[in-house]
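Work through the exercises below with the model open. Each task is followed by its solution.

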Amino acid sequence: MLKTILKDFWLKSLIWSDKLSDESLKIISDKINNAWILDNYDSLEFYIFLCWEENLEKILKYKEILSPWISLDLDDTLSQTTYEWFYKMSILLGNPENLSINELQKKYWTTKNVEYWKNLPQINDFIKNHVENNEFVKEFKVIENTQKIYKEIDENIVWINAYITARAENVKSGTLYWLEKHNFSKKEIILRPNWLHSNFGMLWKACVLDILHPKVLWIVDDSQHLAKLLPKRYNWNMFLFWQEINHFEHPNIHPSKDIFKVKENIKKVYIKTD
């Protein structure tokens, strides 16, 4: 079934899927001139996107210049992004439970789950003023030991070729400043188009990873949603940060509870692949 139709997405040509009948494809192609079909993790649903040619060309340029192997997410993979959101919101919107930031994050996981913030009249303005704010991005704390461990991975195990993030292009300058400030290696950085709503960030990232294969074979990311969306058409590996259990029962998803487990898993998979 058609799970999602997103108008004016960013790819030019129709990508054929072996999960769809010829009849289904004809119906789709008759109605939609430019589309991308993405099979999700369990192959029970797929996603259709309308796309823009110039955005495809931009991604394909990365495919030309990138060297294999692995790409890194940024938010909650390198930076303590969720922590900073909880911190900022507790100061500006209130913390009636008097919980520490770590306690808030453990209880609610994401700021979207905090009921007493959801209903505040100023919440929309707060989010709008911060979600694409370069100065806010510059304030993010770094996750401890990530610089050291990823440097070791990059130099001694596998080549890290890019940072792929659902952050908007509007915060590219703040992101580059943050990466340099915390001594992360200079790599290509791929960000979500400004006009695409953040709600579709993981769908966008899954399509980018699909297009960039085989230049991007693996990714380190904290998003279980992305893990569900990654297509099965190629032999990708995802190192799922902050997770201890493989809820997806998929051999190519590697739960990695901390940065040391990420390194251990990458080394194991690389030796096995090599």
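**Exercise 1.** How much area does the chain expose, and what percentage of it do carbon and sulfur atoms supply?

*Solution.* This is a predicted model: local features need pLDDT of at least 70, side-chain atom pairs count only at pLDDT 80 or more, and totals for chains, interfaces and linings use all residues. Residues are numbered from 1 along each chain as its sequence is written, and side-chain values use heavy atoms, without hydrogens and water. The exposed area is about 14,300 Å², by the Shrake-Rupley method with a 1.4 Å probe. Carbon and sulfur atoms supply 50% of that area.

**Exercise 2.** Describe how helix α3 and helix α6 pack.

*Solution.* Start with the axes, which are lines fitted to C-alpha atoms over the stretch in contact, with angles from 0 to 180 degrees between N-to-C directions. Helix α3 spans residues 81-93 and helix α6 residues 123-131; helices are DSSP runs (H or I, at least four residues). Their axes come within 12 Å and cross at roughly 140°. Therefore α3 and α6 are oblique to each other: angles under 35 degrees count as roughly parallel, over 145 as roughly antiparallel, 65 to 115 as roughly perpendicular and the rest as oblique. Next, list the contact (heavy atoms within 4.5 Å). From α3 come W85, K88, M89, L92 and L93; from α6 come I123, F126, I127, H130 and V131.

**Exercise 3.** Is V137 buried or exposed?

*Solution.* V137 sits in helix α7 (residues 134-138). Its relative accessibility is 4%, so V137 counts as buried (buried: under 20% relative accessible area; exposed: over 50%; partly exposed: in between; 1.4 Å probe, protein chains only). Leaving out residues up to four places away in sequence, V137 touches R167, V171, G174, T175 and W178.

Notes: Helices (H or I, at least four residues) and strands (E, at least two) are DSSP runs, numbered from the N terminus.
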